[in-house]
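Me: Please take a close look at the strand that ends the order of elements in this protein, and at what packs and links around it. I would like one connected account, written for a structural biologist.

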Amino acid sequence: MRFAPLIICLAAISLAAPTHFLDGAYDWTDELAEFYGKVSEYINSAKHNTRGPHVCDTSKIAMPSYASGMASPSGLKPRYVALGRGTQNYTCADSTSRSKPEAVGAVARLYNATCIAANYPDLLERVPNLAYKIPLPTNEYASFPPANIELMGHHFFSETTPEFNLNLTPEKQNGIVMTKKGGAIDAPSGAASGKYGAVPWLYLLTTDGTVGNYKSVYRVNTAAGSPPKTCKNMPPAFEIQYAANYYFFGE
């Protein structure tokens, strides 16, 4: 039987498990086992699917239902979905409980999860809860476990402006998305909290400087990233590991 491209993708995801587990890249947990168990179910189901191959149909992409608390992307089309893995960055005026951490941006690599979002959204929603614990590959262009997905760009702040640069190489030019905050909701109770909590879900509007037909970005399925409540015993600047899924919409 000839495998569809997305089944090959799922097979690649499943192969990531033993490779990185034996390398000690991350701890083997019940949550991780459940994730790969779900991947295995999809592979077995696809082997017996007689309705023809799946395709990467972006029109099928829908954000998690919890995101209904933010402005809707009604009238816009999903362009890409990325797993973001990096750090939320903070500063402290001093190291006492009288000061509170101030957010000064984020730095993350963006991994292309578009086809997973289109066909296996329940898998994608699980990924950030696993990913925030996994160190970034030392090779910047390597794929990222546990979903074994390829790098598609970078997220950082240009001064105070959140930027998503999707122009990865001269051959992979997917645009630059400059944004501003349009709204936010607290992460749901089931989010992986890390040590201090999961950062909020965000609705971002595009601004001047955007290259490409983008109108909005949503940060959802956040895992960890929040700072402690006060600066007690904290250094002047520090980072908190986080992961999230980013949905890009355009006309």
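Reply: The account below begins with the overall fold and then turns to the last strand and its surroundings.

The model is a predicted one. Its secondary structure amounts to four helices and eight strands, and from the N terminus these elements follow the order α-α-β-β-α-α-β-β-β-β-β-β. The protein has 251 residues, of which 47% are buried. Of the contacts between residues at least 6 apart in sequence, 69% join residues at least 24 apart. The exposed surface comes to about 12600 Å², with 51% of it supplied by carbon and sulfur atoms.

Strand β8 spans residues 237–250 and is one of the elements that give two or more residues to the largest nonpolar core. The others are β1 (77–91), α3 (114–119), α4 (121–131), β6 (201–206) and β7 (216–224). This core holds 34 residues, and those touching the most other members are M70, L83, Y218 and Y247. Apart from this core lies another, of 17 residues, which includes M152, L202, V217 and Y242.

Y218 shows how the end of the chain is drawn into this packing. Leaving aside residues up to four places away in sequence, Y218 touches N245, Y246, Y247 and F249. Its contacts also include M63, M70, A71, S72 and P73, together with L202 and Y203.

Within β8 itself, A243 merits individual attention. A243 is found in strand β8, and it counts as buried because its relative accessible area is 0%, where the limit is under 20%. Its contacts, not counting residues up to four places away in sequence, are L83, G84, R85, P128, A131, Y132, N221, T222 and A223. Of these partners, L83 is also among the residues that touch the most other members of the largest core. A243 and I134 stand 109 residues apart in sequence, yet their C-alpha atoms are 9.7 Å apart in space.

One partner of A243, N221, has a backbone feature of its own. Most residues other than glycine have a negative phi. N221 departs from this with a positive phi of about 50 degrees. The residue lies in strand β7 and is buried, at a relative accessible area of 9%. A224 is likewise found in strand β7, and its phi is positive too, at about 60 degrees, although it is not a glycine. With a relative accessibility of 3%, A224 counts as buried.

Aromatic side chains provide a further view of β8. The whole structure contains eight aromatic pairs. One of them joins Y214 and F248 in an edge-to-face arrangement, with 6.2 Å between the ring centres and 70 degrees between the planes. Y214 sits in the loop between β6 and β7, whereas F248 belongs to strand β8, so that the pair links distant parts of the chain, 34 residues apart. Both of these residues are buried. They belong to one aromatic cluster with F164 and Y246. R79 lies over the face of Y214, at 4.6 Å from the ring centre.

Covalent links complete the picture. The structure holds two disulfides, and the bonded cysteines, counted along the chain, follow the pattern 1-3, 2-4. One disulfide joins C92 and C231, with sulfur atoms 2.1 Å apart. The torsion about its S-S bond is about -90 degrees, so this disulfide is left-handed. C92 is in the loop between β1 and β2 (102–112), and C231 is in the loop between β7 and β8, 139 residues apart. C92 is buried, with a relative accessible area of 9%, and C231 is also buried, at 0%.

The other disulfide is formed by C56 and C115, whose sulfur atoms are likewise 2.1 Å apart. It is left-handed, with -110 degrees about the S-S bond. It connects the loop between α2 (30–47) and β1, which holds C56, to helix α3, which holds C115, across 59 residues of sequence. C56 is partly exposed, at 35% relative accessibility, and C115 is partly exposed as well, at 26%.

Technical notes:
Residues numbered from 1 in each chain as written. Predicted model: local features only at pLDDT ≥ 70, side-chain atom pairs only at ≥ 80, totals over all residues. Heavy atoms only, no water. Core = buried A, V, L, I, M, F, W, Y, C linked by side-chain atoms within 4.5 Å. Buried < 20%, exposed > 50% of the residue type's maximum accessible area, 1.4 Å probe, protein only. Contact = heavy atoms within 4.5 Å. Areas by Shrake-Rupley, 256 points an atom, 1.4 Å probe, with all protein chains shown as cover. Phe/Tyr/Trp six-rings, centres within 6.5 Å; stacked < 30°, edge-to-face > 60°. Lys NZ or Arg CZ within 6 Å of the ring centre and 35° of its normal. Disulfide = S-S within 2.5 Å.
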